[in-house]
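Thank you for sending this entry; my comments follow as numbered points, set out by region. Please read them with the sequence and the coordinates open alongside.

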Amino acid sequence: MITVFGGQTSRSLRVVWLMEEMGLAYRVRQVDMLAQTPDAEFLAVNPAYYIPAIRDGDVTMVESIAIMEYLMARHGPTPLAPAATDPAFPAYQQFLHLGEAGLATLMMVPVVSRFLAPEAERDNWGARQSLFWAEKRLLLVKRQLERSTWIAGEAFTAADISMTYALEFGRRQGVITLGEVETAYLARTMGREAYVRALANSMPMG
Ligand SMILES: N[C@@H](CCC(=O)N[C@@H](CS)C(=O)NCC(=O)O)C(=O)O
């Protein structure tokens with residue numbers, strides 16, 4: 001049984017959603033990142049103390065995209081990861097990583113600045129620039145979604161899981177405004193049964 005350390009609105013949703021799509025057995029171990037006292041069990045899993053992390057037998061891993069790649073490689077094969085020979089493969093690779101490295105990571109800076117920085121430092125150059133870079137990268141997403149149903153072509157893949165988290169995070173936090181194409185795309189991805197189950201299973205109990 002695979003253990004996912006995470007929480008409902010965190011990037012652990014990517015991992016849980018992927019496992020729902022693949023039909024893998026897992027449990028979600030909630031980590032409250034806002035708790036005053038560090039969670040000792042989780043600290044031993046990830047001394048850098050961020051979510052998500054997984055434990056799969058002797059394996060412990062962090063980084064949501066790397067975890068998805070690991071799960072698909074070790075517990076696949078799965079159509080969620082197109083083969084290198086598949087014409088969809090280059091777009092798949094690009095958007096799988098763009099969802100985190102090019103979007104969610106960059107949007108994190110304006111989001112945390114807005115909510116966590118001291119009042120006088122909320123509107124700062126770094127946060128504005130980071131958002132500007134993310135907005136530029138969104139042009140790639142828009143162009144692709146004007147061409148195809150899913151982000152890597154005509155089949156749903158793990159790149160859609162990566163991308164959905166990034167777009168939904170930016171929209172929920174109010175740092176980006178999505179156009180019609182991206183909004184319709186999110187309705188498609190978030191309407192999947194596996195997504196709905198992943199969300200429910202990521203909810204803290206009680
Ligand atoms: N690139 C990492 C980012 C992980 C990340 O930023 N996680 C957030 C929650 S979604 C977190 O735990 N932040 C607290 C911290 O980094 O200290 C991934 O994709 O897993």
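1. A word on element names is needed at the outset: helices (H or I, at least four residues) and strands (E, at least two) are DSSP runs, numbered from the N terminus. In those terms Y49 sits in the loop between α2 and β3, and the phi of Y49 is near 55 degrees, a positive value in a residue other than glycine. Y49 is partly exposed, because 14 other C-beta atoms lie within 10 Å, and a residue counts as buried only from 20 and as exposed at 12 or fewer. Please keep in mind throughout that this is a predicted model.

2. The loop between α2 (40-45) and β3 also holds P52, and the peptide bond that joins I51 to P52 is cis, with omega at about 5 degrees. A cis peptide bond also joins G76 and P77, again with omega at about 5 degrees; P77 belongs to the loop between α3 and α4.

3. E63 likewise has a positive phi, about 80 degrees, although it is not a glycine, and its place is in the loop between β4 and α3. With 14 C-beta neighbours inside 10 Å, E63 is classed as partly exposed.

4. Which residues surround the ligand? The shell consists of S10, R11, M33, Y49, Y50, I51, P52, E63, S64, I65, E100 and T105, so that Y49, P52 and E63, discussed above for their backbone geometry, reappear here. By class, six of the shell residues are nonpolar, three are polar and three are charged. Helices α3 (64-75) and α4 (89-116) each contribute at least two residues to this shell.

5. The sheet is open and has four strands in the order β2-β1-β3-β4, with mixed pairing. Because β2 (26-30) and β4 (59-62) stand at the edges, each with a single partner strand, one side of each is left without a neighbour in the sheet. From one strand to the next, the twist averages 20 degrees.

6. Two of the pairings can be described in detail. β1 and β3 pair in the antiparallel sense over three bridges, and F5 stands opposite A53 in β3. Strand β3 (residues 53-56) is also antiparallel to β4, with four bridges between them, and here D56 stands opposite V59 in β4. β3 and β4 form a hairpin with two residues between them, and G57 in that turn has a positive phi of about 65 degrees.

7. Helix α1 (residues 12-22) lies across β1 (2-6), β2 and β3, and runs at about 150 degrees to β1. Is this helix mostly covered or mostly uncovered? It is mostly covered, since 11 of its 11 residues are buried, that is, each has 20 or more other C-beta atoms within 10 Å of its own. The buried set includes the charged residues R14, E20 and E21 alongside nonpolar ones such as V16, W17 and L18. The buried residues of α1 pack against β1, β2, β3, α3, α6 and α8 (193-201). Just after the helix, G23 takes a positive phi of about 75 degrees.

8. The largest nonpolar core has 50 residues, of which V16, L18, F95 and M107 touch the most other members. The elements that give two or more residues to this core are β1, α1, β2, β3, α3, α4, α5 (125-147) and α6 (158-172). Helix α4 provides the largest share, 10 residues. The two elements that supply the ligand shell as described in point 4, α3 and α4, are thus both listed among the contributors to this core.

9. A last point concerns W125, which is placed in helix α5. Is W125 buried or exposed? With 7 C-beta neighbours inside 10 Å, W125 counts as exposed, because the cut-off for that class is 12 or fewer. W125 and D56, the residue that stands opposite V59, are 69 residues apart in sequence and 41 Å apart in space, taken from C-alpha to C-alpha.

Methods
Residues numbered from 1 in each chain as written. Predicted model: local features only at pLDDT ≥ 70, side-chain atom pairs only at ≥ 80, totals over all residues. Near = placed C-beta within 6 Å. Pairing = 2+ DSSP bridges. Axes fitted to C-alpha atoms, helices over the stretch in contact; angles between N-to-C directions. Contact = placed C-beta atoms within 7 Å. Core = buried A, V, L, I, M, F, W, Y, C linked by C-beta atoms within 7 Å.
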